[in-house]
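Work through the exercises below with the model open. Each task is followed by its solution.

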Amino acid sequence: MKRRPEPEELMEGEAQARAYAQADFTASNTLFIELLRRLVPGPLIGARVLDLGCGPADIVIRFLEAYPGATCDALDGSRPMLELARNALAACPELAARVRLLHDVIPSDRLARGHYDLVLSNSLLHHLPDPAVLWQTLRETAKPGAPVLVMDLMRPASPGWVEALVEAYAATEPEILRTDFRNSLYAAFEPAEVSAQLAAAGLDCLEVAVVSDRHLAVMGFLPA
Ligand SMILES: C[S@@+](CC[C@H](N)C(=O)[O-])C[C@H]1O[C@@H](n2cnc3c(N)ncnc32)[C@H](O)[C@@H]1O
């Protein structure tokens with residue numbers, strides 16, 4: 001099935017951002033942290049971490065709970081999303097002290113180069129009209145040899161499969177969220193497309209794995 005890019009790259013609609021923040025992503029966000037624990041079992045004491053496209057910061061919060069020695073720069077291009085992230089972090093001030101929220105859009109020339117010990121991203125890749133932007137940003141911002149974990153939806157083979165996933169995972173969600181999920185599935189990449197993106201970016205050292213019935217993950221260590 002042909003890819004259909006997201007209607008809007010940034011999630012700047014207030015209702016859209018609120019519906020996303022209220023949705024229950026426990027299963028996929030728990031999976032993200034489990035994959036990260038396999039990649040980076042250590043405590044990451046003193047590590048500086050970058051989360052690209054952080055949205056309402058659920059992954060950021062789970063990450064900081066799992067790695068109490070790390071700090072995190074959480075970046076998003078949407079002000080409403082960052083406002084929701086700020087609200088979520090306000091409920092856990094001991095974690096909030098270890099986060100910096102950055103309003104920025106990748107590609108960005110404001111991010112420190114070769115600075116981060118770990119770069120994360122969940123569900124950003126399919127939003128990008130040009131996915132090379134994510135791989136370039138990873139390379140530029142992470143330290144050589146740093147671990148990276150990128151998880152995203154993967155595009156189903158047919159419209160029927162898209163609808164089956166929407167029914168399986170969003171049957172009782174508000175229509176705005178069902179539409180978002182459907183758009184995201186159409187905009188997502190297939191594993192082979194992601195492998196080709198990585199090869200073009202000189203990052204074929206990273207592994208592409210199918211990690212659920214609707215997610216793929218890119219993980220590994222950048223070239224030293
Ligand atoms: C589907 S949400 C994922 C949020 C979060 N990572 C999560 O897992 O819940 C994608 C986010 O990426 C942001 N985004 C899209 N394109 C971006 C870009 N070029 N630079 C920064 N943020 C971007 C959107 O505004 C949105 O908040």
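**Exercise 1: Backbone outliers**

P107 sits in the loop between β3 (99-103) and β4 (118-122). Helices (H or I, at least four residues) and strands (E, at least two) are DSSP runs, numbered from the N terminus. The model is predicted: local features need pLDDT of at least 70, side-chain atom pairs count only at pLDDT 80 or more, and totals for chains, interfaces and linings use all residues. Residues are numbered from 1 along each chain as its sequence is written, and side-chain values use heavy atoms, with hydrogens and water left out.

Task: state whether the peptide bond from I106 to P107 is cis or trans.

Solution. Read omega: it is near 5°. The bond is cis.

Task: find where L44 is and give its phi.

Solution. Start with the place: L44 is in the loop between α2 (26-39) and β1 (48-52). Then take phi: it is positive, about 60°, although L44 is not a glycine.

**Exercise 2: The ligand shell**

Task: count the residues that surround the ligand and sort them by class.

Solution. Apply the cut-off: a residue is near if one of its heavy atoms lies within 4 Å of the molecule. This gives 21 residues, the closest being E9, Y20, G53, D76 and N122. Next, sort: 11 are nonpolar, seven polar and three charged. Here Ala, Val, Leu, Ile, Met, Phe, Trp, Tyr, Cys and Pro count as nonpolar, Asp, Glu, Lys and Arg as charged, and the others, Gly among them, as polar.

Task: list polar contacts of the ligand (pairs of N or O atoms within 3.5 Å).

Solution. Take the ligand oxygens. One lies 2.9 Å from a side-chain N or O atom of Y20. An oxygen is also 3.0 Å from a polar backbone atom of M11. Now the nitrogen: a ligand nitrogen is 3.0 Å from a backbone N or O atom of I106.

**Exercise 3: A salt bridge**

Task: find the separation of E190 and R155, and say what their pairing joins.

Solution. Use the rule: a side-chain nitrogen of Lys or Arg within 4 Å of a carboxyl oxygen of Asp or Glu. The count is 12 salt bridges. In the E190–R155 bridge, the closest N and O atoms are 3.4 Å apart. E190 lies in the loop between α8 (175-187) and α9 (191-200), and R155 in the loop between β5 (147-153) and α7 (159-170), so the pair ties together parts 35 residues apart in sequence.

Key: Polar contact = N/O pair within 3.5 Å; in protein donor to acceptor, adjacent residues only side chain to side chain.
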